[in-house]
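Let's walk through this one together, chain by chain and then across the places where the chains meet. Keep the 3D view open as you read.

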Amino acid sequence: MWIFRFVGLRLLQAIPVLLGITLVAFLAIHLVPGDPVRIMLQGRASDAAVAEINARLGLDQPLLVQYGRFVGRAVTGDLGTSIIQRAPVSKIVTERLIPSSFLLAYATLLSVLLAVPLAVWAAARRDRFADHVIRIAGTVSFAMPSFWIGLILILGFGLTLKWFPIAGFGQGFWGHVRHLFLPALTIALFLAPLLIQSLRAAMLDAMTAEHVEVARAKGLGERRILFKYVLRAALIPVVTILAVNIGWMVSGSVIVESVFSVAGLGMLLVHAVSTRDYPVIQGLTLVFALMVIGVNLLADVACALIDRRTRNA
Amino acid sequence: MSMNDQVGVDMSTRARRALASALAATFVVSLAGCSKEEPAAPQTSAEPAKAEAPAGPKRGGTLIFARPEEPATFDPYLPSDNGSIYAIEQVCDSLVEPDATGEGLRPGLAESWDVSEDKLVYTFKLRDTKFSNGDPVTADDVLFSLKKASAEAAPLGFLFEPIKSVEAPDAATIKITLKQPYAPVLSALSAYGAAIVSKKAYEAGPEAFGQQPVCAGPFTVEEYSRGTRVVLAKAPDYWEKGQDGQSLPYVDKVEIRYIADSNARVLGLKNGDLDAIAIVPFNQAESLKELPELKLEEAPIFRLDYVYLNHKAKPLDKKELRLAMNYAADREAILKVVFFGYGKIPNSYMPKVNFHSDAVESIPYDIAKAKELVKAAGYKGQTIKLMVDTGNAPSKQIATILQQGWTEAGMKVEIVEFDVGTAFDMSSKGNYMAYVSYITSDINDTDELATLQADGRGSSKSFFSNYRNDEVGKMLDEARQESDPAKRAELYAKVQDTVYHDGYSVPLNFSPALNAYHGYVEGWKTANNGWWWLKDVIRNK
Amino acid sequence: MSAAVLSVGAWRAEVRRWSPSLWIGIALLAVIVLAGIFAPWLTPYDPLRQDYGAALRPPGPGHWFGTDSLGRDIFTRSLYAIRTDLVIGFWTTYVPMVVGVLLGAYAGLVRGWFDAVLMRVIDTALAFPFLVLIIVILAILGPGTQNIYIAVFLVGWTMYARLARAEMLVEGGKDYILAARTLGYPTSRILLRHALPNIIGSSIVFSMSDFVLNILLVSGLSFLGLGVPAPTPEWGAMVAEGKDFMQQAWWISTLPGLMIVVTGVALALLGDGLTHRLGDRHVTGG
């Protein structure tokens, strides 16, 4: 099966990057000036306790041995123990993964829902009034800081209109949908302009492509052409843009989660940084990078599948 | 990340450490000598909802309560953060418990106790009660728990350092022998860190215990979702009885939600999604007062917000300069714009506990006088680094206000930010100049904090200030040995006057805790130690 | 871009080719920069001066943007913040750009092990969400303006290096480079004199959106409390200061945030215009 070979090849290519990210995550705890264990224990530690933790974290071993151990443990999913929360990092991170993934998926969905109709409209009315308005709105939307737009949404839809809750994750699926609407919208307002821009360009390219001209010559209606050829051709750039921007979405979610008090990975990161919980910071660094790599891999596979299907069609 | 909330964050770390060091440093017995200490009958059971109709309090229901911090663990021998401690207080009891106000003690899992003539042996009679898993509370569990509590690695371990041995002569008796007389031992035993746990459950796995504790307190943990909420359920047969003669708590369940954002907490309360919230930001208190269905609790707690000064860091070694900082501190402005009028401008270097004197004259805001003092101090334009906690908006505001006044008086001031942990660590190592922070006390006795903060001979170096005045030390010794309360009060007033006017620190505000709840929530009470007694709360709806 | 000095005539011709978005972008940015420079003459207030009697005043004559909880004039602080945000945004964009373009172009020219190592480093850096990496570096170094510079310098160059390398691979096969190589010109000369003017365009275009993202980054970090220390006026920090006052005093957060939007729009328009001016290439940030 070509698809397995494809995925296998991609995974092989990812190996140096994977090693790189483990190195960065590993170094996160070792580049801290001073004794990280003392900082972690916030000065309330006796020498015995410091020595014990040093031994437990293996910080008394040579650096290379430590790195080997770290990678070895990370492979089996053991990311150490949180100093502040006193629980395995892998467990804490897994718990926080759900709200964050929900938020990211929700934001992606909202931005696609926002972007596709607007991009179609803009492409159809190229260089006309609607196109310009959509582009300007996109530019403004792109320049809005997420923490600011989040606060505006809180003020407008939360505090004033009281339509949506302004914090938390909620209970049950519909609770999540209701609670995460404003946070997801905040991320979508940043992402949608990027999507619109490349979708529009891709559709304009597709509209002038040969087979479309042929279809047009055959007398197919513009609407038919739009849905049959153009939108399908634009699918790949959408997937690519979403994948390329997963890093920015995650970055955005860090701030958005703080603004809306969503107990996800981003809030965990900010909290871990302010309490200097290095094992958690280390684990999160790894998980975030894996998320980005994973999403990119998925996107590659999706693109390959779409591409093959388009070509076979 | 909400800013105002952080006023309360980490309070307990400090409080505990303050208390702990104080207790460790105080060996002199201040209790009047009597061999049998039968504590006053528990008043708590009769206390809630006294005004209620004689029909008896309403039972049942789920109280939904939001607070900004979450517990890190329910293992009582690990944490030193508010989030954990306040939650553990709802779930685990100790041999001795603080009373409803937090000012005194009452029996906990020990029904009563005797103290030997020489004050070296404390004998506790265990209450016949059960853990949440149905096992009886035995002397064996107590021995195990106290051993965990006094381990060196335990955050409050050193509190139990003066204990020589703990023995169980029989299944219902615990005998604690001290190395030397140590009056605060009962307070120490009432702390969260001395909670009694089920040995069997704890040994089965401390990590699982941290998630699902087995204690003998009023509540059990039904659900613990990190970052979201904890659901507490009424323990089956809690030993303490309510005013209707049945076991406390009154409510069936308490859902504690963690909402860091203060706007979200206040909105949730107003919407009716929440029954009660902890830590109302000062700037929103007025808007809550206007709503007739809500009640705002302004609870006095043992707390003083002040700027720590390091007397060893030049140029702060000059008393004149420290006084100049006091004269140029616009406390009226701080009380108005940061605390929105809540609190009182202090006339002391420590929180308002029992021997506080109102007679000590406070230092007024006087820039002209401050300028004179700056000159007298021989100040040569060195930069004064004023440290604040990252993300703590009120502290930042305070620092900004102070900076303006101090600059006007001729000083050069720079505001530096560090995260709470690092900042406190730096101050405890004496690696700082000035730090906007606070201190709290768990005990209503001036001796503890006075010793901790002002007695330069102690190990905390006068609570990291490096303040030393031997006259003060002498007065403190005298006060400790004095049995006449009037004379003690006189001595402490003198200490207060001396230390305060030595420019020990820059005191800012005696600030209260603000909590809010709906009118149907009855019996709500915040102890002076900062937590709330959820077992006494009635949800009358 | 190639000629350092343009004659008046050439200038006119150049200006005539500017698109409306380039015009508007340049004009808007000029207004913002000038407002930052001449802030002391544009407002009677001191950005740090607190006036407790005038706290929480709504926008109106006297205080166009209202006052914050310490009675400071928000319009004044927003103007002075231009100096903070634009300066940090500028350096965090262009220092990495210079380093990244040089490294990327060199790698694309010489290939070999240097290229291979550099690409792996870049792939690794780009595998992390940017903000996460910056926050982790700040967790190690501690917050503050200086450390923001260090953190962004450590990471920011990678995108430029990748862009410049890709361009260089294309340019490297062209006749003029091959000719220069046959003539035995030193690599540095080929790189700086011949190749650079032709490959820098895409980086300049990208730098405009990068500039916006860096301003968003700095204000975002300050919003989280990891950025510029108090009481320096900074937009993100000002938004954070108003967060708890949203219901009583919406203006404290809202209006400084608006300044970020306006600045971002100006830079985005400029970037948009440059894209068209420098050839119709589609460059997206990522």
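Start with the meeting of chains C and B, and keep in mind that this is a predicted model. Here 23 residues of chain C are in contact with 25 residues of chain B. Putting the two together buries about 2,200 Å², and carbon and sulfur atoms give 47% of that area. There is one salt bridge between chain C and chain B. To find it, go to Arg49(C) and look across to Glu408(B); the closest N and O atoms of this pair are 3.8 Å apart. You can also count eight residue pairs in polar contact between chain C and chain B, with both residues at pLDDT 80 or more. As for the side of chain C that touches chain B, its residues split into 13 nonpolar, six polar and four charged.

Now for chain C on its own. Chain C has 11 helices and zero strands, so if you trace the elements from the N terminus on, the pattern is α-α-α-α-α-α-α-α-α-α-α. Its C-alpha atoms fill a box of roughly 75 × 50 × 25 Å along the principal axes. Of the 286 residues in chain C, 59% are buried. Take the contacts in chain C with a separation of 6 or more: 71% of them are between residues 24 or more positions apart. The accessible surface of chain C is about 11,700 Å², with 67% of that belonging to carbon and sulfur atoms.

Chain B has another make-up, with 17 helices and 20 strands. Buried residues account for 64% of its 541 residues. Among the contacts in chain B with a separation of 6 or more, 73% come from residues 24 or more positions apart. The accessible surface of chain B is about 18,700 Å², and carbon and sulfur atoms hold 51% of it.

Let's zoom in on one residue of chain C. Where does Leu226(C) sit? You'll find Leu226(C) in the loop between helix H9 (187-223) and helix H10 (235-242) of chain C. Is Leu226(C) buried or exposed? Its relative accessibility is 10%, so Leu226(C) counts as buried, the cut-off being under 20%. Who are its contacts? Setting aside neighbours within four places in sequence, Leu226(C) is in contact with Ile135(C), Leu138(C), Pro143(C), Gly144(C), Ile148(C) and Leu221(C) from chain C, and with Val273(A) from chain A. One of these partners, Gly144(C), is 82 residues away from Leu226(C) along the chain, yet their C-alpha atoms are separated by 6.5 Å.

That contact with Val273(A) takes us over to chain A. Chain A has 14 helices and zero strands. Along its principal axes, the C-alpha trace of chain A spans about 85 × 55 × 35 Å. Chain A has 313 residues, and 53% of them count as buried. Of the contacts in chain A between residues at least 6 apart in sequence, 71% join residues at least 24 apart. Its accessible surface comes to about 14,000 Å², 68% of it from carbon and sulfur atoms.

Last stop: where chain C meets chain A. This contact takes 45 residues from chain C and 47 residues from chain A. The area buried between the two chains is about 3,900 Å², and carbon and sulfur atoms give 83% of it. Which three residues supply more of the area that chain C buries against chain A than any other three? They are Phe128(C), Ile140(C) and Met246(C), which supply 15% of it.

On the polar side, there is one salt bridge between chain C and chain A, where the side chains of Arg135(A) and Asp272(C) meet at 3.9 Å, N to O. Three residue pairs are in polar contact across this interface, both residues being at pLDDT 80 or more. Helix H5 (112-127), helix H6 (130-141), H9, H10 and helix H11 (251-277) of chain C each supply at least two residues of the side that touches chain A. The largest share, 10 residues, comes from H11(C). Sorted by class, that side of chain C has 26 nonpolar, 15 polar and four charged residues.

Terms used. Residues are numbered from 1 along each chain as its sequence is written. Chains are lettered from A and ligands numbered from 1 in the order in which they are written. This is a predicted model: local features need pLDDT of at least 70, side-chain atom pairs count only at pLDDT 80 or more; totals for chains, interfaces and linings use all residues. Side-chain values use heavy atoms; hydrogens and water are left out. Contact means heavy atoms within 4.5 Å. Buried area is the accessible area (1.4 Å probe) that two parts lose on being put together, summed over both. A salt bridge is a side-chain nitrogen of Lys or Arg within 4 Å of a carboxyl oxygen of Asp or Glu. A polar contact is a pair of N or O atoms within 3.5 Å; within protein, one must be able to donate a hydrogen and the other to accept it, and residues adjacent in sequence count only if both atoms are side-chain atoms. Ala, Val, Leu, Ile, Met, Phe, Trp, Tyr, Cys and Pro count as nonpolar, Asp, Glu, Lys and Arg as charged, and the others, Gly among them, as polar. Helices (H or I, at least four residues) and strands (E, at least two) are DSSP runs, numbered from the N terminus. Buried means under 20% relative accessible area, exposed over 50%, partly exposed in between (1.4 Å probe, protein chains only). Accessible areas come from the Shrake-Rupley method with a 1.4 Å probe; for residues, only the protein chains shown count as cover.
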